[in-house]
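User: I'm new to looking at protein models. Could you walk me through how to read one?

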Amino acid sequence: MTDDPAAPLSQVQETIETLLETIRKTIVVVEDFQPESQPVLNANLNRMVEQLQQLEDKKQLHDVDIPLDIFDFVDRGRNPDLFTKQSAELVMQRSQATKGKVDALQAFKDALETELKTKTT
């Protein structure tokens with residue numbers, strides 16, 4: 001077993017990609033179903049069950065937090081990387097706004113201290 005913390009996530013991603021490919025193949029068989037394609041359909045369905053079981057076996061990742069907004073983003077057909085980029089940009093904007101407020105409060109504090117010193121002397 002490796003010490004790479006991303007390895008389990010990579011395995012899950014690989015299993016999901018394989019499952020999606022199996023689903024695509026199953027859709028093709030179902031869309032053009034012929035009685036003689038029943039064994040192929042059965043094999044694909046069994047493969048899907050096995051792949052879902054593999055995902056279930058990898059549930060050590062159950063504590064991974066995924067923002068619910070990203071699911072809405074993907075459901076709307078948008079790239080999750082774009083969600084990450086937009087989130088990072090929003091955090092940077094908020095950080096800059098907060099820095100501006102901190103700087104303004106520091107300037108106010110300095111001005112207030114200066115004014116109090118001149119009043120007390």
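**Reading side chains, step by step**

Analyst: Let's start with helix α4, where Lys99 and Asp103 both sit, four residues apart, or about one turn of the helix. Keep in mind that this is a predicted model.

User: What do the side chains of Lys99 and Asp103 form?

Analyst: The general idea is to look for a side-chain nitrogen of Lys or Arg within 4 Å of a carboxyl oxygen of Asp or Glu. Here, Lys99 and Asp103 make a salt bridge, and their closest N and O atoms are 2.9 Å apart.

User: Are Lys99 and Asp103 buried or exposed?

Analyst: For this you need the cut-offs: under 20% relative accessible area is buried, over 50% is exposed, and in between is partly exposed. Lys99 has 51%, so it is exposed. Asp103 has 40%, so it is partly exposed.

User: How many salt bridges does a search of the whole structure find?

Analyst: It finds four. Another one in helix α4 joins Glu113 and Lys109, at 3.6 Å from N to O. Glu113 and Lys109 are also four residues apart, about one turn of the helix. Glu113 is partly exposed because its relative accessible area is 37%, and Lys109, at 41%, counts as partly exposed too.

User: Which residue forms a salt bridge with Glu21?

Analyst: That's Arg24, with the closest N and O atoms 3.0 Å apart. Glu21 and Arg24 are three residues apart in helix α1 (residues 7-31), so about one helical turn separates them. At 35% relative accessibility, Glu21 is partly exposed, and so is Arg24, at 46%.

User: Okay, on to rings. How many aromatic pairs does a search of the whole structure find?

Analyst: Just one. It is made by Phe73 and Phe83, whose ring centres are 5.4 Å apart, with 65 degrees between the planes. To name the geometry, check the angle: planes over 60 degrees apart count as edge-to-face. That is the label for Phe73 and Phe83.

User: Where in the chain are Phe73 and Phe83?

Analyst: Phe73 is in helix α3, while Phe83 is in helix α4 (residues 80-120). The two are 10 residues apart, and their pair links distant parts of the chain.

User: Are those two rings' residues, Phe73 and Phe83, buried or exposed?

Analyst: Use the 20% cut-off again. Phe73 has a relative accessibility of 4%, so it counts as buried. Phe83 is at 15%, so it counts as buried as well.

User: What about Phe71: where does it lie?

Analyst: Phe71 is in helix α3 (residues 68-75). With a relative accessible area of 43%, Phe71 is partly exposed.

User: Which residues form a nonpolar patch with Phe71 on the surface?

Analyst: When you read a surface, look for nonpolar side chains within 5 Å of one another that each have over 30% relative accessible area. In this model, Ile66 and Leu68 join Phe71 in such a patch, and together the three have about 330 Å² of accessible area.

User: One last residue: is Gln51 buried or exposed?

Analyst: Gln51 has a relative accessible area of 5%, so it is buried. You'll find Gln51 in helix α2 (residues 38-57).

User: Which residues is Gln51 in contact with, leaving aside its neighbours within four places in sequence?

Analyst: The contacts to look for are Thr15, Thr18, Leu19 and Thr22. Try picking out Gln51 in the viewer and finding those four around it.

How values were computed
Residues are numbered from 1 along each chain as its sequence is written. This is a predicted model: local features need pLDDT of at least 70, side-chain atom pairs count only at pLDDT 80 or more; totals for chains, interfaces and linings use all residues. Side-chain values use heavy atoms; hydrogens and water are left out. Patches are made of residues with over 30% relative accessible area and no salt bridge: like charges are joined within 9 Å, nonpolar side chains (Val, Leu, Ile, Met, Phe, Trp, Tyr) within 5 Å. Accessible areas come from the Shrake-Rupley method with a 1.4 Å probe; for residues, only the protein chains shown count as cover. Buried means under 20% relative accessible area, exposed over 50%, partly exposed in between (1.4 Å probe, protein chains only). Rings of Phe, Tyr and Trp (its six-membered ring) pair if their centres lie within 6.5 Å; planes under 30 degrees apart count as stacked, over 60 as edge-to-face and the rest as tilted. Contact means heavy atoms within 4.5 Å.
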